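I wanted to look up how the strands of this protein are arranged and where its helices lie, and to keep a short record of what I found.

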Amino acid sequence: PYDRTQPVNCYWDLGRADSTAIWFAQRVAMQWRILAYFEDKGEDVSHFLRELQRRPYVYGTMFLPHDAKAQKLGSKLSIEEQIRAAGHRTVILPKLSKVDGINAGRLFMSSCWFDEEKCADGLNALRHYRYRIVDGQYSNEPLHDWASDGADAFRYMAIASNRANGTGKGVLERLAEAKQSAVQAWKRNESGRNSGGQGWLN
């Protein structure tokens with residue numbers, strides 16, 4: 001449930017030809033409450049800012065991917081500048097490889113509580129996010145399809161969660177320690193499969 005005493009942060013994946021996706025989440029104690037998910041296609045930033053206004057949340061920070069400084073989506077201002085002009089605090093996240101982001105997402109998942117109704121579309125994207133198959137083998141690149149936008153925004157949330165941990169090891173520190181074993185485990189688990197692949201929630 002939404003805790004009115006805590007700010008809600010938003011985690012964006014940007015697109016115009018693709019969908020723009022946003023996860024709404026707050027950290028309460030050691031738990032990440034994933035409150036809602038929203039995506040839409042072919043709209044400029046003002047459309048998404050109106051959607052934020054429509055919701056009852058008190059916002060903290062808008063976490064944006066690295067290309068938010070360059071992309072404009074129908075304005076002379078960058079996406080970051082447009083969001084800041086609307087009165088929101090913004091943070092541009094570092095660019096990580098997709099494999100590192102996926103592993104960060106897997107580590108982060110165990111800390112999350114999801115509102116199943118309000119996050120239904122985002123959860124469906126996570127379930128269907130999968131690696132490309134090349135010559136009958138899984139590649140190191142995810143398949144770019146309808147599930148990518150929600151999954152990419154979730155990757156950014158996992159990366160951003162490292163900033164909020166305060167004490168203890170964050171996701172990125174745990175990822176650095178576990179990177180090799182995670183990749184090897186993935187290869188062992190995925191080798192020999194010939195189906196459509198597994199999403200993060202399978």
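The entries below go through the sheet and then two of the helices, all read from a predicted model.

Entry 1, the sheet. I began with the strand order, and found that 6 strands form an open sheet in the order S5-S4-S1-S2-S3-S6, with mixed pairing. The edge strands are S5 and S6 (112-114), each of which pairs on one side only. I also noted that neighbouring strands of this sheet are turned by 30° against each other on average, with direction ignored.

Entry 2, around S4. I looked up both partners of S4 (residues 59-64): S1 (residues 8-13) pairs with S4 in the parallel sense over 3 bridges, and there Val8 has Tyr59 as its bridge partner. S4 and S5 (residues 89-92) also pair in the parallel sense, over 4 bridges, and here I found Arg89 of S5 as the bridge partner of Thr61. Because 5 of the 6 residues of S4 are buried, I noted this strand as largely enclosed by the rest of the structure.

Entry 3, the other edge. S3 (residues 31-41) and S6 are paired in the parallel sense over 3 bridges, and I found Trp32 standing opposite Cys112 in S6. I then checked helix H4 (residues 120-128), which lies across S2 (19-28), S3 and S6 and runs at about 105° to S2.

Entry 4, helix H3. This helix covers residues 98-109, 12 residues in total, and reaches 16 Å from its first C-alpha to its last, close to the 16 Å expected at 1.5 Å a residue. Among its buried residues I listed Asp100, Ile102, Asn103, Phe108 and Met109.

Definitions and conventions
Residues numbered from 1 in each chain as written. Predicted model: local features only at pLDDT ≥ 70, side-chain atom pairs only at ≥ 80, totals over all residues. Heavy atoms only, no water. Expected span 1.5 Å × (residues − 1). Buried < 20%, exposed > 50% of the residue type's maximum accessible area, 1.4 Å probe, protein only. Pairing = 2+ DSSP bridges. Axes fitted to C-alpha atoms, helices over the stretch in contact; angles between N-to-C directions. Contact = heavy atoms within 4.5 Å.
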